[in-house]
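This report looks at the empty space inside and at the surface of one protein model. Where is that space, and which residues line it?

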Amino acid sequence: MKLLLLLLFLPALIFAQSKEEQRLLKKADKIHARAYTVDTHADVPINMMEIPGFDIGAKHNYAEDGTQIDFPRMKEGGMDAMFFAVYLAQGKRTPEGEAEAKANALKIFQSIHDAVKKYPDMAELVTTPKEGFATHKKGKLGVFIGMENGWPVGHDLANLKLYYDLGLRYITLSHSFNNDLSDSSGDPEGGEHGGISKLGEACIAEMNKLGIIVDVSHISDSAFYDVMRLSKAPVLASHSSCRALSDVKRNMTDDMIKLMASKGGVIQINFVSDFLRKPSEEVMISIRTLRMQAMKADATPEDKQRINAELRQLKYKYPGEAPSVKTVVDHIDHVVQIAGIDHVGIGMDMDGGSDVVGCEDVSKIKNVTIELLRRGYSEKDIRKIWGENTMRVLAAAEKVAADLKKSH
């Protein structure tokens with residue numbers, strides 16, 4: 001009898017659930033359209049520089065070429081603005097090496113400027129929240145610029161003003177190896193400065209004066225605590241996740257997240273698989289081996305394409321280990337619980353290793369909004385996570401720079 005009743009009521013139950021799901025999806029559509037969505041770390045300039053004929057104004061296919069970002073897919077996904085990364089793997093720390101790093105960084109800046117100039121109806125270069133919102137109102141995409149690895153700054157801090165004038169608004173002080181500014185969380189040799197170097201201290205002071213945000217992703221724990229002591233402006237972790245949920249050095253501990261939040265900063269959740277969920281030893285060895293190959297200064301664009309393709313294949317080889325959009329929101333939940341809604345954002349690291357089932361490329365970012373809504377986040381909360389928190393930090397960096405200018 002019970003079974004018969006269940007069979008009778010099952011279609012009605014499924015129909016009710018499907019109606020509820022439709023309502024939720026409709027609500028998510030509206031919230032996603034109204035939110036100013038900002039991603040703080042996009043590695044698409046790598047493709048612009050290294051893939052022959054790559055056109056950011058044309059729609060590409062992730063399944064075919066593994067690329068995750070272009071202007072049409074940003075539009076399709078409702079991604080309003082992204083920080084394009086001027087990224088260089090750490091090379092020789094010599095005057096010649098620094099000169100080459102500066103020259104290469106300037107080429108990347110130029111490629112970003114050229115892309116925006118080529119598609120003036122689609123995108124604009126933006127440097128402030130005001131410019132970002134104005135561009136959004138015009139129905140265009142905003143392209144901010146960040147620098148991943150402070151190596152191109154070299155020993156001449158006048159380079160900071162040069163890069164600032166080209167649109168730079170944050171610098172990740174180091175990458176996967178120590179440099180002359182800061183120790184890295186990833187250097188196999190360990191730290192050499194005990195955190196931030198004397199040059200790094202001077203660099204942070206100059207960044208504060210200009211209004212360039214200090215980005216603590218990639219730096220060592222000691223260097224992070226030095227930044228907290230040194231920076232007069234709030235900081236970003238432009239693409240990091242929570243160490244409590246995935247115990248890797250690239251992620252931030254609860255103590256670090258709370259301290260950064262207490263000073264107005266924001267952690268931007270990274271979508272790279274092992275930063276979201278610590279993989280098994282077997283998978284970790286595969287990932288580490290491939291990444292170290294890609295980070296070699298002499299790795300060719302063809303090498304990097306092959307390596308990235310191999311990294312993408314790991315989720316098919318080990319399907320149980322691939323993180324989903326739910327895993328991403330677990331990290332957002334964690335930050336909200338320990339530090340509050342005002343201190344979490346999104347820095348997906350697309351085209352730089354991002355690999356989340358359900359958010360394979362930038363056209364699918366609404367799935368994050370849907371999952372946030374499912375978990376009870378309000379529209380106000382979602383707007384903060386997607387962009388308002390980031391814009392607050394950028395505005396704060398501008399204000400500190402203006403105040404420092406007045407005081408001198």
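The text below covers one pocket and then the cavities of this predicted model.

The second largest pocket holds about 600 Å³ of space. Its lining is made up of 24 residues, and those closest to the centre of the pocket are Leu88, Ala89, Asn104, Ala297 and Lys304. Four elements each give two or more residues to this lining: helix H2 (44–50), strand S2 (81–87), helix H5 (95–118) and helix H13 (301–317). Helix H5 supplies the largest share, with seven residues. By class, the lining of the second largest pocket has 13 nonpolar, four polar and seven charged residues.

Enclosed space is a separate matter. Counting those of 30 Å³ or more, the model has two cavities. The largest cavity has about 60 Å³ of space. It is lined by 13 residues, and Val216, Ile219, Arg250, Asn251 and Met252 are the closest to its centre.

The second largest cavity has a volume of about 50 Å³. Its lining includes Gln90, Arg93 and Glu98, together with Gly150, Trp151 and Gly154. Asn179, Asp180 and Leu181 also line the second largest cavity.

The table sets out the linings by residue class.

| Space | Volume | Nonpolar | Polar | Charged |
|---|---|---|---|---|
| Second largest pocket | about 600 Å³ | 13 residues | four residues | seven residues |
| Largest cavity | about 60 Å³ | four residues | five residues | four residues |
| Second largest cavity | about 50 Å³ | two residues | four residues | three residues |

Notes: Residues numbered from 1 in each chain as written. Predicted model: local features only at pLDDT ≥ 70, side-chain atom pairs only at ≥ 80, totals over all residues. Heavy atoms only, no water. 1 Å grid on protein atoms, 1.4 Å probe; cavity = no way out; pocket = protein on both sides within 12 Å on 5 of 7 lines; lining within 4 Å. Points joined across faces, edges and corners; volume = space filled by probe spheres on them. Nonpolar A, V, L, I, M, F, W, Y, C, P; charged D, E, K, R; others polar.
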